[in-house]
Amino acid sequence: MKIQEKYIKRCIQLAQNGLGTTYPNPMVGSVLVYKDKIIGEGWHRKAGEPHAEVIAINSVKDKSLLKKATIYVSLEPCSHYGKTPPCSDLIIASGIKKVVIGTMDPFAKVAGRGIKKLFEAGCEVTLGVLEAECEELNKRFFTFHQLKRPYIILKWAQSEDGFIAPLPPEINSKRKPIWITNNYSKQLVHKWRSEEQAILVGTNTAVADNPKLNTRLWNGPNPVRIVIDQHLRITKDSALFDGSIKTILICGNTKVNLDSIQLRQSNCELLVFETNDFEKEIAEQICQILYRQELQSVIIEGGTKTLQTFIEAGLWDEARVFTGRVQFKKGVEAPKLMGTLKSEEMIAGDQLKIYTHD
């Protein structure tokens, strides 16, 4: 088992290279081993491109070794035709007889079918090696398919005395955010943004801070911007309407409409609460909207009311909380959270705590 764990760990390492680029597909890594030596390996880079198993098999120089080799893969090989052919078929066609899998794929079109196909072809299949670690690798993918909602990450920065912003008029004087953390923490946040499919803020944050919600401090994909704007208070000169990134406004009034030309020019889409009720199950309704948009993950960056809404609904998976060195004495209080402390570190003076919702 330890030998198998060694190679599944390598699969996980490879798969992590795809964080933020494989959506809607999961991250997958694969290695081929012959006589305790890796002879081929690969990881899935982007939807529509070859899967990890395909890259690993193609990377083997001496194809005659495939029939004697063992293939390791962090997630069950697919069994259906999507943008690429089934990986289970390729494994069988390549003559590989030993397959070690980290965890089963929860996607309905796979969900055991790939394993069944391998078994029926006479392959020796081992399932569940480092299963928890493999599920953690694809926690976004698993949450989306099993819970029918995106994986939800809460993020905020607070002062040493527990405020996320000073009181008006300071907060609105220049329509710019009041920075609590340092440049290193800011860059880390932009890296996080590049790893998630969507980023969400409430109306007050959008109006007061005029945020871009992009990854300008990191080289990576921009998330879809989601803004809760019940009465469409955000003005046309907002950075959210710059047209650079797909933006979704979640509105609570079906009678309110933005000009369709303005929406098209702004790369923006208007969605409406089905119940037209901003007082009832807000977080649940937003999760339903994001699920229908096929967004597997979202990082929620404010403000306190929006963050607290998801906390009180129990709809969150991680919380990433910075505490800077500034003090406001009074202001907008930070959200109140009960969770399990997963990690704690200092970033050039800023304290970062990461919590999980168990």
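# Exercises on a predicted model

Five strands make up an open sheet of mixed pairing, in the order β2-β1-β3-β4-β5. The structure is a predicted model, and the exercises below work through its parts.

## Exercise 1. The edges of the open sheet

Determine which strands are the edge strands of the open sheet, and state the average twist.

*Solution.* Begin with the order of the strands, β2-β1-β3-β4-β5. The strands at its edges are β2 (37–43) and β5 (124–127), each of which pairs on one side only. From one strand to the next, the twist averages 15 degrees.

Next, consider the pairing of β5. Strand β4 (residues 98–103) runs parallel to β5 and is joined to it by four bridges. Within this pairing, V99 has V125 in β5 as its bridge partner.

## Exercise 2. Helices on the open sheet

Identify the strands that helix α2 lies across and those that helix α4 touches.

*Solution.* Take helix α4 (residues 113–120) to begin with: it packs on the sheet and touches β4 and β5. The direction of α4 makes about 150 degrees with that of β5. Then turn to helix α2 (residues 52–59), which lies across β1 (29–34), β2 and β3 (70–75). Helix α2 runs at about 140 degrees to β2.

## Exercise 3. An aromatic pair

Classify the pair formed by the rings of Y7 and Y72, and explain what the pair ties together.

*Solution.* A search of the whole structure finds four aromatic pairs. For Y7 and Y72, the ring centres are 5.1 Å apart and the planes stand at 45 degrees, so the pair is tilted. The cut-offs behind this step are under 30 degrees for stacked and over 60 for edge-to-face, with the rest counted as tilted.

The next step is to locate the two residues. Y7 belongs to helix α1 (residues 2–15) and Y72 to strand β3, so the pair ties together parts that are 65 residues apart in sequence. Finally, examine burial, for which the limit is under 20% relative accessible area. Y7 counts as buried because its relative accessibility is 2%. Y72, with a relative accessible area of 6%, is buried.

## Exercise 4. Charges over rings

State which residue lies over the face of W43 and which lies over the face of W179.

*Solution.* Over the face of W43 lies R45, at 4.1 Å from the ring centre. Over the face of W179 lies K186, at 4.3 Å from the ring centre.

## Exercise 5. Strand β6 and its partners

Describe the burial of strand β6 and its pairing with β12 and β13.

*Solution.* Strand β6 (residues 151–158) is mostly covered, with eight of its eight residues buried. Y151, I153, K155 and A157 point one way from the strand, while I152, L154, W156 and Q158 point the other way.

Now follow the pairing. Strand β12 (residues 297–300) pairs with β6 in the parallel sense over four bridges, and L154 stands opposite I300 in β12. Strand β13 (residues 318–323) also runs parallel to β6, joined by six bridges. Here the bridge partner of A157 is F322.

## Exercise 6. The nonpolar cores

Give the number of residues in the largest nonpolar core, and name the helix that supplies its largest share.

*Solution.* The largest nonpolar core has 32 residues. Among those with the most contacts inside it are I152, L154, W156 and I226. Helix α10 (residues 282–292) contributes the largest share, six residues. Another core, of 26 residues, lies apart from it and includes I199, L249, L270 and F328.

Definitions and conventions:
Residues numbered from 1 in each chain as written. Predicted model: local features only at pLDDT ≥ 70, side-chain atom pairs only at ≥ 80, totals over all residues. Heavy atoms only, no water. Pairing = 2+ DSSP bridges. Helix = DSSP H or I, 4+ residues; strand = E, 2+ residues; numbered from the N terminus. Axes fitted to C-alpha atoms, helices over the stretch in contact; angles between N-to-C directions. Contact = heavy atoms within 4.5 Å. Phe/Tyr/Trp six-rings, centres within 6.5 Å; stacked < 30°, edge-to-face > 60°. Buried < 20%, exposed > 50% of the residue type's maximum accessible area, 1.4 Å probe, protein only. Lys NZ or Arg CZ within 6 Å of the ring centre and 35° of its normal. Core = buried A, V, L, I, M, F, W, Y, C linked by side-chain atoms within 4.5 Å.
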